[in-house]
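Visitor: Could you show me around this one? I'd like to hear how you decide what to call things.

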Amino acid sequence: MTNLRKTPIVLTPKAAPFAIRAERATDVVAREALLDACFGENRHMRTCQRLRDGRAPAEGLALSAARRGQLVGTVRLWHVSAGGLPALVLGPLAVDATSRELGIGAALMVEALAAARARGHGAVILLGDAPYYARFGFSAEKTGGLSLPGPFERERLLAFELREGALDGAWGMIVPTGAASLEIALPEIKAARGRRAARLVPRAA
């Protein structure tokens with residue numbers, strides 16, 4: 001489970017290049033609007049959100065995709081304890097509908113996993129579509145003994161070991177361990193919600 005599978009990124013002939021970069025403070029309004037459009041404004045009620053509420057993403061592991069000066073993709077990873085074992089949870093992963101054919105979701109995944117490995121993290125967990133995430137090495141092989149703080153579909157709880165054996169014997173509740181978030185919700189976020197009607201590529205909740 002330790003081989004990071006690189007997924008080729010295919011650009012359409014008329015596509016403008018996109019860039020994967022570290023998330024910026026100025027991304028917050030566009031990011032929140034994108035997540036609302038992709039997941040709905042009730043996304044804060046999802047089970048995985050309990051692992052993110054009031055927490056900051058893991059250092060260096062909040063990424064944005066930009067195209068033609070606009071934010072078109074986002075992914076974040078968060079510190080958790082997986083039944084007592086240190087790990088990261090990935091999500092949300094979202095891509096704007098206007099750019100979903102460019103391979104941006106795959107590019108964000110590859111970059112995020114490579115960055116997590118470079119920073120010495122041992123494993124990444126997510127809740128998502130197994131057929132989509134299998135290409136990156138994710139499976140339910142090591143998650144059978146793990147639970148989330150709310151309802152979830154067992155077959156969608158997946159993990160990828162960046163370091164072999166990092167999740168051996170993992171059992172128990174997945175709980176947040178990250179630092180408290182210093183991000184302040186901006187008034188513009190509420191106004192921005194609902195302005196975009198995008199559909200998401202297969203994603204991590």
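Guide: Let's start with a term: buried means under 20% relative accessible area, exposed over 50%, and partly exposed in between, with a 1.4 Å probe and protein chains only. This is a predicted model, where local features need pLDDT of at least 70, side-chain atom pairs count only at pLDDT 80 or more, and totals for chains, interfaces and linings use all residues. Residues are numbered from 1 along each chain as its sequence is written, and side-chain values use heavy atoms, leaving out hydrogens and water.

Visitor: Why is Glu153 called partly exposed?

Guide: Glu153 has 45% relative accessibility, and partly exposed runs between 20% and 50%, so Glu153 counts as partly exposed.

Visitor: What makes Glu153 and Arg156 a salt bridge?

Guide: The rule asks for a side-chain nitrogen of Lys or Arg within 4 Å of a carboxyl oxygen of Asp or Glu. For Glu153 and Arg156, N to O is 3.7 Å, so the pair fits. Arg156 also forms a salt bridge with Asp129, the closest N and O atoms being 2.4 Å apart.

Visitor: Why is Lys142 called buried?

Guide: Its relative accessible area is 17%, and buried means under 20%, so Lys142 is buried. The side chain of Lys142 meets that of Asp168 in a salt bridge, 2.7 Å from N to O.

Visitor: And how do you know whether Asp168 is buried or partly exposed?

Guide: Asp168 has a relative accessible area of 49%. That falls between the two cut-offs, so Asp168 is partly exposed.
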